[in-house]
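Hello,

Here is the structure for you to look at. My notes on it are underneath.

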Amino acid sequence: MLACSRMNRAALVGCVLIVLAAGCATRGSVRQVGEDVRAVQSEVAALRQSQEDLTRRLTEMTNANRAALAKADQLQSSITTLRADVDRLSARAQATDATIKDVQATLAVRASTPPPAAAPPAAAPPASVPPAGPPPAALEPPRQPKQTRTTSAEASFTAGLKNFREHEYGQAVLDFLDVVTKHPGHELASTAQYLIGEAYYLQHDYRQAIVEFQRAVDWKPAHPKIPDALLKVGLCHSRLREAKQAQVAWRRIVREYPESPAADEARTLLAGKKSAYPSARYR
């Protein structure tokens, strides 16, 4: 009986030790699992932070890319506008060169044409025998008719063009007026009228310039400078802060002379953009 009692006690102690050992093992596992969970949570937090940083960087790169694309579009638009301006200026320069060459050719032809031969002097009437009587006290010489100095249209136009280029606009107006008033049917008369308007425009006398340019517009027969004259009429009104009158003149160019260089400039002005039109085409 004693032996059995001792064996039962030993078994009981063993069971107790086994239970205690099992309890210690469970608490150790729970502690380890807790530490593992905390480690995983730290890694998840680090991953979230990395993801937020990456998202922010992607957003910044996207915004920078959009800004660069917008800048590229603006540059392309500016390049296109500049090319159009260069094309217009080149066309006007070519038109100016052609006009100057035409004028020079006309002047050269006129200069090479010999003047008409002078009529031979009339034969003197036979001397008559003076009547008998006392001779006159003195014989007065016959009076010569007063000769008026005439200037050709080419000479007046050349002088006016020279004064115009030297900024002597007042004298240039007088020279061109000589062409217009004395030789209205000459082929240079319409150009002279247009340049009278240019001279007043360059002297900032915009009211008189409108009058002179309008005369060039109304010139008969019509001539190629009508679109330029209309454009300058609009510019004069614009300088005088008369926007409606300016737009009327520019719209007329676009409507009646759509293929002219002045029409391109009129469209630019009607769009509210700054004019690149030269102030004088015969400088």
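The notes below go through a surface patch, a cis peptide bond and two unusual backbone angles.

Please keep in mind that this is a predicted model.

Surface patch. Leu54, Leu58 and Met61 together make a nonpolar patch on the surface. The accessible area of the three residues combined is about 320 Å². One of them, Met61, sits in helix H1, which covers residues 2-112. Met61 has a relative accessible area of 56%, and it counts as exposed because the cut-off for that class is over 50%.

Cis peptide bond. The bond between Lys220 and Pro221 is cis, with omega at about -5 degrees. Pro221 belongs to the loop that runs between helix H5 (206-217) and helix H6 (226-239).

Positive phi angles. His167 is a residue other than glycine with a positive phi, near 65 degrees. Its place is the loop between helix H2 (153-165) and helix H3 (169-182). The relative accessibility of His167 is 46%, so this residue is classed as partly exposed, a class that lies between the 20% and 50% limits.

Arg241 is also a residue other than glycine with a positive phi, in this case near 60 degrees. Arg241 is found in the loop between H6 and helix H7 (243-256). With a relative accessible area of 78%, Arg241 is exposed.

If you open the model, the cis bond can be found at Lys220 and Pro221, and the positive phi values at His167 and Arg241.

Regards

Terms used: Residues numbered from 1 in each chain as written. Predicted model: local features only at pLDDT ≥ 70, side-chain atom pairs only at ≥ 80, totals over all residues. Heavy atoms only, no water. Patch = residues over 30% accessible without salt bridge, like charges linked within 9 Å, V, L, I, M, F, W, Y side chains within 5 Å. Areas by Shrake-Rupley, 256 points an atom, 1.4 Å probe, with all protein chains shown as cover. Salt bridge = Lys/Arg side-chain N within 4 Å of Asp/Glu carboxyl O. Helix = DSSP H or I, 4+ residues; strand = E, 2+ residues; numbered from the N terminus. Buried < 20%, exposed > 50% of the residue type's maximum accessible area, 1.4 Å probe, protein only.
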